[in-house]
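Work through the exercises below with the model open beside the text, and attempt each task before reading its solution.

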Amino acid sequence: MTGDQIRPRFLGYFAANGHRIVPSSPLVPAQDPTLLFTNAGMVQFKSVFLGEERREYARATTCQKCVRAGGKHNDLENVGRTARHHTFFEMLGNFSFGDYFKAEAIAFAWELLTREMGLSRDRLWATVFTDDEEALGLWQTVAGLKPERVLRLGEADNFWAMGETGPCGPCSEIHYHQGDHLPCAEVKAGRRCLGPACECDRWLEVWNLVFMQFNRDAAGTLTRLPKPSIDTGMGLERIAAILQGKTSNFETDLLWPILEGAAKLARKTYGASEADDISLRVIADHARATTFLMADGVYPSNEWRGYVLRRIMRRAMRHGRLLGLYEPFLWKGVEWVVTLMAGAYPELRREQPRIQEVVKTEEERFAETLDTGVAKIREYLEANRGAKERVADGRFLFTLYDTYGFPLDLAQEVFQEAGWSVPQTSLDAYESEMERQRERARASAAFGAEEEESAKLYAELSAEIRAPEFLGYESLAAPARILVMVRAGRRLREAVAGDEVEVILDRTPCYAESGGQIGDTGQLVGRQGRGRILDTYYRGSGLIVHRVRMEQGGLREGEDVAVSVESPRRQGLRLHHTGTHLLHAALRKVLGTHVTQAGSLVAPDHLRFDVTHGSQIRDRELEQVEEMVNEKVRDNLRVDPIQTDLEQALKMGALALFGEKYGQRVRVIKIGDFSTELCGGTHLDQTGQIGLFKVVSEGAVAAGVRRLTAVTGDAALHYVGREESALREAAGLLKIPPLELPQRLQKLLDDQRVLEKRLESLQVRQAKSKAEDLVAAKRETAGVAYISARIDGLDQQQLRAVADSVRDRLGSGVVCLGSVKDDKVNLVTTVTKDLTPRFNAGKLIQEVARAVGGGGGGRPDLAQAGGKDPSKLDAALALVQDWVARSAST
């Protein structure tokens, strides 16, 4: 049974048993900043299990995309070294939200595995929590397992918890016996295999059934939940391996074509070398993780999710080099993944060009990182050539990793190839530096005590009170009642003038920040007091919170008040939010449908829009986008908000954003036939109300992400007015009409370039004329002629021309020239051909450049470098004599 057959077989079985098939959620968890990636099927149902959200179904089944490469669940370093560890994998699961419990969960699992998938009953065993007598009995009565084939295990193995507090419960695992012919460390040591409790490959955990039946409080006390639930998970790759008769997930049809592609590219045979096999497995796994993460909107960067993705990609690239793949190759792996998995995940095909472009760029950049790292190691080896012990410094290894992104294991290999050792003491020093960095990271990420208290309070309030009714689509003012007031994480009964508090009302016209649109401001007026609403945002689960500064009198909990939105500011937000939708649609029509939203900000006076696009947006493309938006503004299209269910919205062609959380009922903003998006923001009634749309800037914010800033309405008119004023002023300085300004500026720039080239040519001729003087002033040491001189005012190219001239006149010798220009040091070294076997220009330039706070490199006959400290140039050039003498004696 293929992987593409297993998915529908699993989902279809549970659908036939009353479960709703729910699509996989994105790998970026919706509205959960605590979680790095979606790492289990239950993540998208977390709020349901916690009682914060209700769904229209009580049974669900999914095939969930998952990544485990950081945080609590981190399999990254094990990938490639075992047969079943992955960063990306698919988790099949079934869920019950207070509907059925243990008996049904066990019965469903047993029937699916033995009847639907045809697994031998004799090969299946189970484990249960040591105190779970109910599950122990059910495995015997429902599945007919003998008592000796159901193992009792402790809390570490068979008890699951969502966190330190909250829903938790025992779990039961189903294990498959792959055969006693496979090696077992226990047996090898003369002991008995531990069965499903053993870590060997004879036993494979197939399915985990979690019975959520308790709530754990802060004191650790367990109380029974009124409606216990079920959460199960089975790895698609593992069940595929069993059904396809493979002992390794990598040999299944879910991964083998990718691994085979990498093997052919590297001209390797899988199974011929364990080291090569590890690298091939790493590339196969990481190509999947890279493709799926980027398809879900994650980009390589130096921060959080992007940093983990970059680590995954660079680990694959490094293993490619170990296989002899020195040219970019991972971008080709993206195509292998898309070919294999686009049937189940059509978004991969749509995003393929963008993903490949970003991956290839990242590979090219990492090649530079590897080259820089190797150069730094060579500098280190040269500087420590006289060391008594050839042992690498762990702190230097950490600097290589932390500053230059150079992997530790690759650094170890380079040192070992040079005859240096990297003992445990060096690794301990490296780890010590790494731990200091982790401490700094934890300190910067830690919440303050006040924030923690506030978060706990809002979690409690979410369960205590109903989410406020939002009235802001129809009205900018409304009567309301104060439900709760909070300050510094504590509830208040009353707030007085001067206080700044968070207020929750039973109903409000104020829009809470979400979907890129910032929150409303306004007024809150009671009978005896008035406050200014400074911001509106969400806390807890759907609670609309108003940050209010009391200006007069006082307000009390339970008091009836009048709440109003600042109207001109809201109108600015409506203008720019509708403008954002028009911009998004226009970009997709001009640049291509690979363009998707990667972030946005809707403010009263401007909009900022981040989009996925691999290169700079050309001026002509920006003009086309702007013209298209303004055409739709002139067409005065209707802006229709439509309430519908999610499935129907997607059938309408509505764009959904990765990382956004959508319920079963959604709001669609439809602008004629031009734009259709899921959106809960506030919008205009007609596009003509925008008046004018103007893009004011475009640039890069990350690899493969471009940022546009634009203005609409009065803000656009003011911007155009300032541009025209600046144009008239510039034209006035040149005493020409404004429209002639571009041609006149071009002529002035051309004239300047001609003059600059003449000046440079003159400077080079003057410098070359000194070549004879420099040769005449040559010195010798150890029988070798050398020239070390300073000629200021020359850039790198000019200095090289002089060095070439000096070398040609010298005949035989070593030349090192330095120059200071624009407060930067330029250096060039050159060695005549007859001396390059003994004197390496690249090594000389490294020593001289280091003395001026710089670095560089090159060939044995020619090398270039730069430096940051001009005050040390003379002292650096004085090092040449000693270097020539030392090199002559070796």
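**Exercise 1: two helices against helix 12**

Helix 10 and helix 12 are roughly perpendicular to each other, a label that covers angles of 65 to 115 degrees. The model is predicted, so that local features need pLDDT of at least 70 and side-chain atom pairs pLDDT 80 or more, whereas totals for chains, interfaces and linings use all residues. Residues are numbered from 1 along each chain as its sequence is written, and side-chain values use heavy atoms, leaving out hydrogens and water.

Task: state at what angle helix 10 and helix 12 pack, and which residues meet.

Solution. Helix 10 (residues 304–322) packs on helix 12 at about 65 degrees, with the axes 10 Å apart; axes are lines fitted to C-alpha atoms over the stretch in contact, and angles run from 0 to 180 degrees between N-to-C directions. Helices here are DSSP runs of H or I with at least four residues, and strands are runs of E with at least two, numbered from the N terminus. In contact terms (heavy atoms within 4.5 Å), helix 10 contributes residues including Arg310, Arg314 and Arg318, and helix 12 residues including Glu362, Glu363 and Asp371. By class, this contact has six nonpolar, one polar and seven charged residues, where Ala, Val, Leu, Ile, Met, Phe, Trp, Tyr, Cys and Pro count as nonpolar, Asp, Glu, Lys and Arg as charged, and the others, Gly among them, as polar.

Task: describe how helix 11 packs on helix 12.

Solution. Helix 11 (residues 330–341) and helix 12 (residues 347–383) pack at about 160 degrees, with their axes 8 Å apart. That makes the two helices roughly antiparallel, the label for angles over 145 degrees. Among the residues that meet are Leu330, Trp331 and Val334 in helix 11, and Leu348, Ile355 and Val359 in helix 12. This contact has eight nonpolar, three polar and five charged residues.

**Exercise 2: strand pairing**

Task: give the strand order of the open sheet of four strands, and identify its edge strands.

Solution. The order is 22-23-28-27, with antiparallel pairing; two strands pair if DSSP finds at least two bridges between them. Strand 22 (597–602) and strand 27 (693–702) are the edges, each pairing on one side only, and the twist averages 15 degrees from one strand to the next. Strand 22 pairs with strand 23 (residues 607–612) over five bridges, and the bridge partner of Leu601 in strand 23 is Arg608. Helix 20 (residues 713–734) lies across strand 27 and strand 28 (705–712), running at about 95 degrees to strand 28.

Methods
Angles under 35 degrees count as roughly parallel, over 145 as roughly antiparallel, 65 to 115 as roughly perpendicular and the rest as oblique.
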